[in-house]
Amino acid sequence: QVQLVESGGGLVQPGGSLRLSCAASGSIFSSYAMGWYRQAPGKPRELVAVFTSGGTTNYADSVKGRFTISRDNAKNTVNLQMNSLKPEDTAVYYCNRRASIATIGYWGQGTQVTVSS
């Protein structure tokens with residue numbers, strides 16, 4: 001059974017920071033690159049950060065320079081450090097394997113990030 005548990009979200013003012021964490025099943029971490037996705041109200045889910053099995057990272061242009069993804073294969077965790085948060089970062093954030101969104105059959109409950117004054 002695939003298990004994905006996201007945590008660390010909350011309400012912050014513009015310019016603030018949050019650190020998200022994700023605990024995933026061992027089979028996912030041993031077989032796939034991992035990523036963070038987000039879905040804002042009325043918008044489709046989008047990929048924002050990737051950490052590959054080879055140790056490389058990639059970011060969406062909208063978060064580059066502000067977000068940092070990290071991975072610990074031994075602990076089966078992946079994290080997302082978010083700095084200089086903007087109101088447009090408001091969304092539910094999810095972790096999952098890196099794949100076409102249409103092919104992913106399971107999502108965790110996500111963690112809500114709200115950036116507002």
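Two strands are taken to pair if DSSP finds at least two bridges between them, and strands of a sheet pair through backbone hydrogen bonds, either parallel or antiparallel. In this predicted model, 4 strands form an open sheet, in which the order is β1-β3-β8-β7 and the pairing is antiparallel. The edges of this sheet are occupied by β1 (4–7) and β7, and each of these has a single partner strand, so that one side of each is left without a neighbour in the sheet. From one strand to the next, the twist averages 15°. Within the sheet, strand β3, which spans residues 18–24, pairs with β8 in the antiparallel sense over 6 bridges, and Leu18 is found opposite Met82 of β8.

Charged side chains provide a second set of features, as the structure holds 4 salt bridges. One of them joins the side chains of Arg66 and Asp89, with a distance of 2.7 Å from N to O. This pair links distant parts of the chain, since Arg66 lies in the loop between β6 (57–59) and β7 (67–72), whereas Asp89 lies in the loop between β8 (77–82) and β9 (91–97), and the two are 23 residues apart. Arg66 and Asp89 are both buried. Through salt bridges that share partners, Arg38, Glu46, Arg66 and Asp89 are joined into one network.

Within that network, the side chains of Arg38 and Glu46 meet in a salt bridge of 3.0 Å, taken from N to O. The two partners can be set side by side in terms of accessibility: Arg38 counts as buried because its relative accessibility is 6%, where the cut-off for a buried residue is under 20%, while Glu46, with a relative accessible area of 33%, is partly exposed. A further salt bridge is formed by Asp61 and Lys64, whose closest N and O atoms are 3.4 Å apart. Asp61 has a relative accessible area of 68% and is therefore classed as exposed, the cut-off for this class being over 50%.

Thr111 belongs to strand β10, which covers residues 111–115. With a relative accessible area of 9%, Thr111 is buried. The side chain of Thr111 reaches the backbone nitrogen of Gly9 at a distance of 2.9 Å. When residues up to four places away in sequence are not counted, Thr111 touches Glu6, Ser7, Gly8 and Gly9, together with Leu20, Ala91, Val92 and Tyr93.

Key:
Residues numbered from 1 in each chain as written. Predicted model: local features only at pLDDT ≥ 70, side-chain atom pairs only at ≥ 80, totals over all residues. Heavy atoms only, no water. Buried < 20%, exposed > 50% of the residue type's maximum accessible area, 1.4 Å probe, protein only. Axes fitted to C-alpha atoms, helices over the stretch in contact; angles between N-to-C directions. Polar contact = N/O pair within 3.5 Å; in protein donor to acceptor, adjacent residues only side chain to side chain. Contact = heavy atoms within 4.5 Å.
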